[in-house]
Amino acid sequence: MTKRILNVENLETAFYTDEGIVRAVDNVSFHLDEGETLAIVGESGCGKTVTSLSVLRLIPFPPGKITGGHIYYRGRDLLELKEKEMRSIRGNEISMIFQEPMTSLNPVFTVGRQIMESLVFHQNMGKNDARRRSIEMIKLVGIPTPEKCADYYPHQLSGGMRQRIMIAMALACRPQILIADEPTTALDVTVQAQILRLMTDLKEKTDTSIILITHDLGIVAQIAERVIVMYAGEVVESAEVKSIFSDPLHPYTVGLLKSLPKINEEQEKLYNIEGSVPSPKNYPKGCRFSPRCERAFEKCMTKKPGLFACNGRHVRCWLYERGDEEGGGLL
Amino acid sequence: MLAYSIRRIFQLIPVLFVISLLVFLMMHIIPGDPVKNMLGLEASKEAIEAERERLGLNDPLPTQYFRFISGAMKGDLGRSIFTKKTITQEILQRYPYTVKLAVGGTLFATVVGVLIGITCAVRRGTVTDSSLVVVSLVAVSTPSFFLALMMMLIFALNLHWLPSIGLRTPMHYILPIATLGMQSVGLIARTTRSAMLDVLNQDYIRTSRSRGIPEKVIIYCHALKNAMIPVITVVGLRFGGLLAGSTLVETVFSIPGIGRYLVDGVLKRDFPVVQGTVLVLAFSFVVVNMIVDLLYAVVDPRIKYE
Amino acid sequence: MDSQVFKRFIKNKATIGGSAILFLFLAMAVLGPVLCAYDPNRIDLTSVYQPPSAEHILGTDNLGRDTFSRLVIGARISLLVSFVGTIVGSFLGMILGVTAGYFGGKIDSVISRFVDLLLAFPGLLLAIVVVAILGNGIPNTMAAIAFYSIPYIARMVRGIVITLKDSEYVQACRVMGASDSRIIITHIIPNSMSQIIVNTTLNLGTAILTASSLSFLGLGVTPPNPEWGAMLSQGREVIRYFPLAAIVPGVAITLVVMSFSIVGDGLRDALDPKLKNN
């Protein structure tokens, strides 16, 4: 029986800007099981990164603030914790790797020192032990000369190497959950494949649960087990990875899949979803996807759809209304 | 690192040579005859000529320069036209006062300025931030000699907490160093503030936060080390500024430093004195600039030692 | 200055305050003698060291001269010295900067070396050296101010020109056969003007500081001219008995220097709002 390790309920995160309140994450719910890889998919600006930063409570305040919901990690609501308790979870039980390996490492410290630091703070390791473990971690992420590499500064490493170091850093304390925010977007295609393989290998070895944030459905197909699709700050569909690819329900998901190039079919032109993501300051009145939706009808323009259950999946679309509407928390 | 330092020191030689040439030439385009000036209006033509001959002022310029530079290299900067004392000795006596003031002022300004800058950056947009920004602005704008007079008036003459003039005891150093440093406090605070704000927005700071590093460590270790790179530039520049600025503070507090010696030399048109002090000050700036360059390499590993 | 820039400029309260103070002192300098009830150099030994009164609103000094009248005429001298010095310096700096940036090559490296050398030295020392060469007095103080402003402006302008030179519209002009001087006068200079104005404004504050420092040391404007630094220098001698003589010119210098730096910052934010967020 799988155990639920993270349960996000009705999360709301807003940014208070000069031009008004921006609801970047609006009533988002999802869960993560032990050892599972969950992908959060969507175009840029749909709230994926804000969702993941909210889980770690890393939303910069001001202007950002988590305005509602619960984030249960092993039964404890992270939003209720004191800053100090939260700090002992960050990097220790839940860690994160970021999109930009080039700028995500501190340029004035050696990478070895940066990995050691988490160990010293979270595991009370002595310097020597921490260094030994850091070198082990560097070896684990497949860097051939770990001792030497530990004394390098970030600028001496390539992008792919840096991302490996980021992974080593994130996994040093053996976290329960790894949040990977577009971990391969900034890398060359060949390096992308290596990093993905590394992540799946390490997941097998360490039994870490992964939340993978990406806009790349190809990556999702390779490593994720379950997918939630986000659009304009909301979850629009959630399903097993197989069914998403074989039978997408939400017109937005359908569009995303159609815009993927296919090797075995000759295509004249790639499909392209018309229009762009609406500004969070000015969401459409009804369904947020309705202005771009090919199948939109009258109701879509005026009334916001709930999340409907449909064959064990959930979808936010009036086309699937016959199912029962459910609260987001029961996903 | 050592090789890099040695190479930097060798690179100084041509710079120092150019500076000595410039200083020498500057002093020889001074309008008016210093000798006539020295001997007074009623001096006879013959007396002036004899004195010029004695001082070697009738030799061709290259010869004079050669004499100046070879003397300078042996530590001989000539004698004052008026007091006839050897300039090297006078400078050696006065230089330590000025250096102590400038070093003290720089330390004061750096410590206070960096602390203010960090506080402002961390509490950006709060009342603390805006009031400290105003304080820095006033500090930058107040002329050091005016501040010196006011501090002297308050702390020495009215409250009698501190001595007013001279540099006999450590207590004597407090007012001159504080007034000398104050103007740079504002500048260093501003630089630190904007550098910290910039660094705190960087991705690697978010990474540190995501790893659960305590906020204090992030600010004073991770962010500050990065923010120090622009701050070092300003501190280095200000140290030079304080060496020159101590002229003013020395005047207010009657301190016999090299700055006052230079000003007296200019006022009396004692050109060997001006030439000697400017040369020593110029050398000091060049050396300070080199130290700043070396400090960069210590703080920022991206600077290669080639 | 277009209306957008002007709107942004007056939106900032500090800038308005700074401009008001500057305007006050400028008015003082321009009106000058009209405001003075007394000849600033009139000696009246029967009323020395007077505290402020209806007759002498800021009191009198060691020779019984009216402090307010001296402050007004001092504003004239201090502002004139720094305006002329800074503007001449900015102009020369601009010429050097444009020449170095536009023509590049050997000319650029010679000018840049020279500018870097000057920048390595503190402004006050450069000013003292200029006075050592030329002697003191009002015109020579202006020359000292001009000389030390040159390198800052030259380096800044050079940087702007180098980026502008490769911009597409300058390239386009060149393709259409415009001459170098035409490109410089109609495109390069107008486009670097806003930054030159901002930096010149900021330099004006430093210029007042430097000019008054020189006068305070006895190297700049000399008594009996009521330059603010010189007035402070006289006030210093009687600080124990009559601090007002030092406080009046000191506060005046501080206010003007501060206002120049506020207005300079305000101008920069108004001309380039992107910078403000930092």
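Biologist: What share of the 331 residues in chain A is buried?

Modeller: This is a predicted model, where local features need pLDDT of at least 70, side-chain atom pairs count only at pLDDT 80 or more, and totals for chains, interfaces and linings use all residues. Residues count from 1 along each chain as written, chains are lettered from A and ligands numbered from 1 in written order, and side-chain values use heavy atoms, leaving out hydrogens and water. With buried meaning under 20% relative accessible area (1.4 Å probe, protein chains only), the share in chain A is 54%.

Biologist: Chain A has 11 helices and 13 strands; what is its radius of gyration?

Modeller: Helices (H or I, at least four residues) and strands (E, at least two) are DSSP runs. For 331 residues, the globule rule gives 20 Å (2.2 Å times the number of residues to the power 0.38, with the radius taken over C-alpha atoms). Chain A comes close to that, so it's as compact as a globular protein of its length, with a radius of 21 Å.

Biologist: Which three residues supply the most of the area that chain C buries against chain B?

Modeller: Together the two chains bury about 3,400 Å², 79% of it on carbon and sulfur atoms (accessible area, 1.4 Å probe, lost on being put together, summed over both). On the chain C side, 17% comes from C:I133, C:L217 and C:R236.

Biologist: Which side chains form the salt bridge between chain C and chain B?

Modeller: The count there is 1, using a side-chain nitrogen of Lys or Arg within 4 Å of a carboxyl oxygen of Asp or Glu. At 3.5 Å, N to O, the pair is C:D265 and B:R190.

Notes:
Buried means under 20% relative accessible area, exposed over 50%, partly exposed in between (1.4 Å probe, protein chains only).
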